[in-house]
Every structure is written in structure tokens, then in C-alpha cells.
Amino acid sequence: MKALACKDDIGLAGEWFQEPIIMESDCAAAVQYLKEVKVLKPVCLSIIQEASHEASRLPGFELNHVKRDRNSVAKDLAQMAKCLNHSAVWWGGYPACTEQ
């Protein structure tokens, strides 16, 4: 599931931005699979290959693993989306719940 979310995020980044992208995930396996797509053979290989292809189309792409406790903004946004039952994109700003 995390690999699919990464693939979708990379695809959106390619549609919206024409500059280098830094993406972070708290799923170490998804990060490893995306960084070493030719070496590893995960169950979700086709999703990883699609994500890798999308990332290769970006002018720059960096993927980093972050520990779950350091990923509080993503957690806050996910909780907000669950409560409101919708998703959103913020351009040039961010919701108050993510302020530290």
C-alpha cells in the first residue's frame, strides 16, 4: 500500500512541478525498493517499476526514509483527511494542524 502511495505521489509531483523533488516516507521497504528497483523483487514489483519510471521523468528526485516519529506532519494530514473524508492540496501554504 505504501508503494502505491509513493507511486501516486511521484506521478502528481511530475504533473505539478518542473523542479527537483525530495520525497520522504516512513516505510523503509518502499524506500529501499524504489532505490534498488533492479536488485530487489518485491511482491509489488510492477508498482515499484511504475514509480521508478515516473521518478526518472522528473528533473531531480531524492527519496529518503524517515522514522515514523519524525513524520508527524504526514500523520496529522492523514488524520485530518480521515475526519473530513476528503483530500486536498495546499499551494504556497499549509493547514494550521501541521504547525510545530
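These legends walk through several close-up views of one predicted protein model.

**View 1. The whole chain: four helices and two strands.**
Let's start with the overall layout before zooming in. Reading from the N terminus, the elements follow the order α-β-α-α-β-α. The chain has 100 residues, and 27% of them count as buried. Among contacts with a separation of 6 or more, 69% are between residues 24 or more positions apart.

**View 2. Helix α1 beside helix α3.**
Two packed helices are described by the angle between their axes and the distance between the axes. Here, helix α1 covers residues 2–16 and helix α3 covers residues 45–56. Their axes come within 9 Å and cross at roughly 20°. Angles under 35 degrees count as roughly parallel, so α1 is roughly parallel to α3. The crossing of these two helices is left-handed.

**View 3. The residues where α1 meets α3.**
Which residues should you look for in this contact of α1 with α3? On the α1 side, they are A3, L4, K7, I10 and G11. On the α3 side, you will find I47, I48, E50, A51, E54 and A55. Sorted by character, the residues of this contact are seven nonpolar, one polar and three charged.

**View 4. D8 in helix α1.**
Staying with helix α1, this view turns to D8. Is D8 buried or exposed? It is partly exposed, because its relative accessible area is 40%, and that value falls between the limits of under 20% for buried and over 50% for exposed. D8 and E54 are 46 residues apart in sequence, yet their C-alpha atoms are 9.2 Å apart in space. E54 belongs to α3 and takes part in the contact with α1.

**View 5. Strands β1 and β2 side by side.**
Strand β1 runs over residues 21–25, and strand β2 over residues 61–65. The two strands pair in the parallel sense, over five bridges. To find your bearings along the pair, look for I22, which stands opposite E62 in β2. Strand β1 also has two faces to tell apart. I21, M23 and S25 make up the covered face, while I22 and E24 make up the uncovered one.

**View 6. H65 and its contacts.**
H65 has its place in strand β2. What does H65 touch, leaving aside residues up to four places away in sequence? The list is S25, D26, C27, A28 and V31. One of these, S25, is on the covered face of β1. With a relative accessible area of 39%, H65 is partly exposed. The C-alpha atoms of H65 and A29 are separated by 9.1 Å, and the two residues are 36 residues apart along the chain.

**View 7. A29 in helix α2.**
Helix α2 spans residues 28–35 and includes A29. A29 is partly exposed, with a relative accessible area of 35%. Its C-alpha atom is separated by 8.6 Å from that of A3, although A29 and A3 are 26 residues apart along the chain. You have met A3 already, as one of the α1 residues that meet α3.

**View 8. Q18 in the loop between α1 and β1.**
Our last stop is Q18, in the loop that lies between α1 and β1. Q18 counts as exposed because its relative accessible area is 66%, and the cut-off for exposed is over 50%. Which distance separates the C-alpha atoms of Q18 and P59? The value is 6.6 Å, for two residues that are 41 residues apart along the chain.

Methods
Residues numbered from 1 in each chain as written. Predicted model: local features only at pLDDT ≥ 70, side-chain atom pairs only at ≥ 80, totals over all residues. Heavy atoms only, no water. Axes fitted to C-alpha atoms, helices over the stretch in contact; angles between N-to-C directions. Parallel < 35°, antiparallel > 145°, perpendicular 65-115°, else oblique. Left-handed = near helix turned anticlockwise from the far one by under 90°. Contact = heavy atoms within 4.5 Å. Nonpolar A, V, L, I, M, F, W, Y, C, P; charged D, E, K, R; others polar. Buried < 20%, exposed > 50% of the residue type's maximum accessible area, 1.4 Å probe, protein only. Pairing = 2+ DSSP bridges.
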